[in-house]
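Q: Please take one part of the model shown below and examine it closely, residue by residue. A connected account, rather than a list, would be most useful for work at the bench.

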Amino acid sequence: MRPVAGLALALLALAGGTALAADRRTPLDPNLPPWNAVAKVQTNIGEQCTGVLIAPATVLTAAHCIYNPRTRAFLQPVSLHVLFGYQRGAYRWHRLVTRVAIGRGFDIAKGPQPADWVRLDLAEPVPVTPLPLAHEIAVPGLAVALAGYNQDREQMLLGDTACQVTRTAALPGSADFIFHDCAGTHGTSGAPLLTRQAGGWAVIGINIAAGRQTNLALDARFEN
């Protein structure tokens, strides 16, 4: 499979809890752009993550979000539900999933990895503008934002819009790690890490874990 070109997989490193050292999260309106492209992804086993609309009928999220630890297998599309405009139990659009495309070689036992992404093909398009993928490369000091459905306040879309890339680190033969300082908790797995470019907000990454200290992203601009 080929990952989406120009994407970074964002990671909030696990740190033994969900308390935030610097909580800059504020409520966002899930019915206004660009936040209306951020989706709540729910499964029939009670797990929930965040995703982002990158095409009219395509949502990107983290692969581990659709993994069932009890059966040690990925959930089937029929077990997934994608909600847009979600707030306090209500939503504007509900979409079923017809197909999943998981990063090749993803292994839940390996922890953070470049294959922790999945594209969800929706049964029908969503009438909101998808978010494009960022063209620029993440560098220290780049302003970014994180928007998602955090576990501690899962009924609302929260965002940290005042954070930045702190450093990058190369991975031999693969992509680059991108550290950032956005606030987030569990539930933001699959949430978009956004940056502003000429045309507005664009997706530079997705979260693949959550914690309270170091925040990390993985640049996925490579063949897979």
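A: **A disulfide and the strands around it**

Cys 49 and Cys 65 form a disulfide, with their sulfur atoms 2.1 Å apart. The model is a predicted one, and the description that follows should be read accordingly. The torsion about the S-S bond in this link is -95°, and the link is left-handed. The two cysteines belong to distant parts of the chain, 16 residues apart: Cys 49 lies in strand 4, whereas Cys 65 lies in the loop between strand 5 and strand 6 (67-68). Both Cys 49 and Cys 65 are buried. A disulfide is a covalent bond between the sulfur atoms of two cysteines.

The strand that carries Cys 49 may be considered next. Strand 4 spans residues 48-55 and pairs with strand 5 in the antiparallel sense, over three bridges. A hairpin makes the connection between the two strands, passing from strand 4 to strand 5 through two residues. Within this pairing, Val 52 stands opposite Leu 60 of strand 5.

Strand 5, made up of residues 58-61, is covered on both of its faces. Thr 58 and Leu 60 lie on one side, Val 59 and Thr 61 lie on the other, and all four are buried. Leu 60, the residue opposite Val 52, is thus one of the buried residues of this strand.

Strand 5 has a further partner in strand 10 (residues 118-122), with which it pairs in the antiparallel sense over four bridges. Here Val 59 stands opposite Leu 120 of strand 10. Strand 10 in turn is joined by five bridges to strand 9 (residues 93-102), and these two strands also run antiparallel. In that pairing Arg 99 stands opposite Asp 121 of strand 10.

These pairings belong to a wider arrangement. Six strands form a closed barrel in the order 3-4-5-10-9-8, with antiparallel pairing. The twist from one strand to the next averages 40°. In general, strands of a sheet pair through backbone hydrogen bonds, either parallel or antiparallel. Cys 49 lies in strand 4, and strand 4 is one of the strands of this barrel.

For comparison, the other disulfide may be set beside this one. The count comes to two disulfides, and the pairing of the bonded cysteines, numbered in sequence order, is 1-2, 3-4. Cys 163 is joined to Cys 182, with an S to S distance of 2.1 Å. This link too connects distant parts of the chain, 19 residues apart: Cys 163 is in strand 12 (residues 158-170), and Cys 182 is in the loop between strand 13 (176-180) and strand 14 (192-197). Because the torsion about its S-S bond is about 80°, the disulfide of Cys 163 and Cys 182 is right-handed, whereas that of Cys 49 and Cys 65 is left-handed. Both Cys 163 and Cys 182 are buried.

A charged residue elsewhere in the chain completes the account. Arg 25 lies in the loop between strand 1 (8-12) and strand 2 (26-27). Its relative accessible area is 9%, so Arg 25 counts as buried, the limit being under 20%. The side chain of Arg 25 makes a polar contact with the side chain of Asp 23 at 2.8 Å, and another polar contact with the side chain of Asp 152, also at 2.8 Å.

Note on methods. Residues numbered from 1 in each chain as written. Predicted model: local features only at pLDDT ≥ 70, side-chain atom pairs only at ≥ 80, totals over all residues. Heavy atoms only, no water. Buried < 20%, exposed > 50% of the residue type's maximum accessible area, 1.4 Å probe, protein only. Pairing = 2+ DSSP bridges. Disulfide = S-S within 2.5 Å. Polar contact = N/O pair within 3.5 Å; in protein donor to acceptor, adjacent residues only side chain to side chain. Axes fitted to C-alpha atoms, helices over the stretch in contact; angles between N-to-C directions.
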